[in-house]
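Please read the points below with the structure open beside you, and follow each one on the display before going on to the next.

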Amino acid sequence: MPVFPILLVLFFTIPLVEIYVLIQVGGIIGVWATVGLVVLTAVLGAALLRRQGLATLTRVQQSMDRGQLPATELVEGFFLIVGGALLLTPGFVTDVVGFACLLPGSRRMMANYLINRGVFMAHTHAQNVYTEYRGQGPRPGAGPGGDPRQPGGGQTIEGEWEREEENRPEVEPPEKDRDR
């Protein structure tokens with residue numbers, strides 16, 4: 001299904017829904033209270049975004065330090081960006097979705113759902129290079145699965161060496177006064 005028509009419908013529908021909800025809430029609690037509530041949710045959202053963003057960045061760094069691909073953390077970072085943008089948009093419907101993107105439990109649940117469905121797939125260039133050697137199957141000399149980084153993979157050549165002094169004949173420097 002094409003994405004553009006969906007985005008176009010959302011682009012027009014979401015503001016209309018937000019205006020309707022703002023008018024309804026403003027009629028119940030008053031205009032200034034509604035404006036204050038919208039500003040309060042934006043401030044709370046910015047603070048929560050900062051805190052959750054730093055925590056997610058720390059988890060990304062820890063995963064990378066362990067040599068693991070931080071797939072879940074990167075998808076959570078995507079949800080943090082979306083949630084932050086939604087919380088900066090005035091309105092209550094976008095605030096509800098934005099807070100759902102920022103709260104750790106719901107954010108992890110949404111990230112795992114998208115990863116399990118295959119919406120976000122993690123590939124590294126190194127994996128593709130090792131598993132496909134120009135379309136000829138596993139890389140020559142590679143172990144199980146064609147990955148030389150796996151135990152039993154790659155070629156190790158053992159041997160001994162020692163440096164030998166070069167035996168060059170002595171060459172006399174050119175004469176300074178050769179033309180005389």
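1. Buried residues account for 19% of the 180 residues in the chain, and, as you weigh this value and those that follow, please keep in mind that the model is a predicted one. The chain holds six helices and zero strands, and its elements, followed from the N terminus, run α-α-α-α-α-α. If you consider the contacts between residues at least 6 apart in sequence, 47% of them join residues that are at least 24 apart.

2. Helix 4, which spans residues 92-102, is a good place to begin, and a useful question is which of its residues are buried. They are Phe92, Thr94, Asp95, Gly98, Cys101 and Leu102. When you look down the axis of helix 4, these buried residues fall within an arc of 170 degrees, and they therefore line one face of the helix. The elements that cover them include helix 1 (3-29), helix 2 (31-65), helix 3 (71-88) and helix 5 (104-117).

3. Turn next to the packing of helix 1 against helix 4, where the angle is about 110 degrees and the axes lie 7 Å apart. Because angles from 65 to 115 degrees count as roughly perpendicular, helix 1 and helix 4 are described as roughly perpendicular to each other. On the side of helix 1, the residues that take part are Ile14, Val17, Glu18, Val21, Leu22 and Val25, and they meet Phe92, Val93 and Thr94 of helix 4. Sorted by class, the residues of this contact between helix 1 and helix 4 comprise seven nonpolar, one polar and one charged.

4. Helix 4 also packs against helix 5, here at an angle of about 80 degrees and with the axes 5 Å apart, and helix 4 and helix 5 are therefore likewise roughly perpendicular to each other. Helix 4 contributes Ala100, Cys101 and Leu102 to this contact, while helix 5 contributes Pro104, Ser106, Arg107 and Met110. The contact of helix 4 with helix 5 has five nonpolar residues, together with one polar and one charged.

5. Cys101, already named among the buried residues of helix 4, deserves a second look, as it belongs to the largest nonpolar core. That core has five residues in all, namely Val75, Phe79, Cys101, Ala111 and Leu114, and the elements that give two or more residues to it are helix 3 and helix 5.

6. Gly84 is placed in helix 3, and you may ask whether this residue is buried or exposed. Its relative accessibility is 9%, and Gly84 counts as buried because the cut-off is set at under 20%. Leaving aside residues up to four places away in sequence, Gly84 touches Leu49 and Leu102, and Leu102 is one of the buried residues of helix 4. Gly84 and Asp95 are eleven residues apart in sequence, and their C-alpha atoms are 9.3 Å apart in space.

7. A last residue to check is Ser63, which is found in helix 2 and which is buried, with a relative accessible area of 3%. If residues up to four places away in sequence are not counted, Ser63 touches Gln68, Pro70 and Glu73.

Technical notes
Residues are numbered from 1 along each chain as its sequence is written. This is a predicted model: local features need pLDDT of at least 70, side-chain atom pairs count only at pLDDT 80 or more; totals for chains, interfaces and linings use all residues. Side-chain values use heavy atoms; hydrogens and water are left out. Buried means under 20% relative accessible area, exposed over 50%, partly exposed in between (1.4 Å probe, protein chains only). Helices (H or I, at least four residues) and strands (E, at least two) are DSSP runs, numbered from the N terminus. The arc is that of the directions from the helix axis to the C-beta atoms. Contact means heavy atoms within 4.5 Å. Axes are lines fitted to C-alpha atoms, for helices over the stretch in contact, and angles run from 0 to 180 degrees between N-to-C directions. Angles under 35 degrees count as roughly parallel, over 145 as roughly antiparallel, 65 to 115 as roughly perpendicular and the rest as oblique. Ala, Val, Leu, Ile, Met, Phe, Trp, Tyr, Cys and Pro count as nonpolar, Asp, Glu, Lys and Arg as charged, and the others, Gly among them, as polar. A nonpolar core is a set of buried Ala, Val, Leu, Ile, Met, Phe, Trp, Tyr and Cys residues joined through side-chain atoms within 4.5 Å.
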